[in-house]
Amino acid sequence: LTVSLPASSMATAGSATLEAPGATPLEEQLPYKTPVGLRFRPGTNELWVTLEASGTVAIVDVAGGRKIAEIATGTGPRDLAFTPDGRTAFVTNRED
């Protein structure tokens, strides 16, 4: 279970420790970027997170508990969706 929390952070639950051993907490990897929309990419362990304040989408490896990429999207990304095969993502921006 991964949730967006107040204060620009996210939490992942599902194990006794709530994060991967030795991983940098996600709130340190995505500081002050205002996570809003969360979607798993079909067929993967990737959680895609719209980051409203930075105008980007972060791709998080949930199994490893780390950010693997960050993609510029435009101003105020809010939500995202994938095609059923997971090959294409669509992002809605609040201000573009």
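The structure holds 6 salt bridges, each defined as a side-chain nitrogen of Lys or Arg within 4 Å of a carboxyl oxygen of Asp or Glu. Before we look at some of them, a word on the source: this is a predicted model, in which local features need pLDDT of at least 70 and side-chain atom pairs count only at pLDDT 80 or more, while totals for chains, interfaces and linings use all residues. Residues are numbered from 1 along each chain as its sequence is written, and side-chain values use heavy atoms, with hydrogens and water left out.

**A salt-bridge network**

Three of the pairs are set out here.

| Salt bridge | Closest N to O distance |
|---|---|
| Glu52 and Arg78 | 3.2 Å |
| Glu52 and Arg94 | 2.9 Å |
| Glu95 and Arg94 | 3.4 Å |

Through shared partners, these salt bridges join Glu52, Arg78, Arg94 and Glu95 into one network. Burial is judged by relative accessible area (buried under 20%, exposed over 50%, partly exposed in between; 1.4 Å probe, protein chains only). Glu52 counts as buried, because its relative accessibility is 16%. Arg94 sits at 51% relative accessibility and so counts as exposed, and Glu95 and Arg94 are both exposed. Arg78 is partly exposed, with a relative accessible area of 36%.

Where do Glu52 and Arg94 lie in the chain? Glu52 is in the loop between E4 and E5, and Arg94 is in the segment after strand E8 (89-93), so their salt bridge ties together parts that are 42 residues apart in sequence. Helices (H or I, at least four residues) and strands (E, at least two) are DSSP runs, numbered from the N terminus. The salt bridge of Glu52 with Arg78 also links distant parts of the chain: Arg78 belongs to strand E7 (residues 77-82), 26 residues apart from Glu52.

**The E3-E4 hairpin**

Strands E3 (residues 35-40) and E4 (residues 46-51) run antiparallel and are joined by 4 bridges; strands count as paired if DSSP finds at least two bridges between them. One bridge matches Phe40 with Leu47 in E4. The two strands form a hairpin with 5 residues between them, and Gly43 in the turn has a positive phi of about 75 degrees.

**Two nonpolar cores**

A nonpolar core is a set of buried Ala, Val, Leu, Ile, Met, Phe, Trp, Tyr and Cys residues joined through side-chain atoms within 4.5 Å. Which residues make up the largest nonpolar core? Its 6 members are Leu38, Leu47, Val49, Leu51, Ala58 and Val60. E4 and E5 are the elements giving two or more residues to this core, and E4 gives the most, with 3 residues. A second, separate core of 5 residues includes Trp48, Val57, Ile59 and Phe82.

**The aromatic pair**

A search of the whole structure finds 1 aromatic pair. Rings of Phe, Tyr and Trp (its six-membered ring) pair if their centres lie within 6.5 Å; planes under 30 degrees apart count as stacked, over 60 as edge-to-face and the rest as tilted. Here the rings belong to Trp48 and Phe82: with centres 5.0 Å apart and planes at 85 degrees, the pair is edge-to-face. Trp48 lies in strand E4 and Phe82 in strand E7, so the pair ties together parts that are 34 residues apart in sequence. Trp48 is buried at 13% relative accessibility, and Phe82 is buried with a relative accessible area of 17%.
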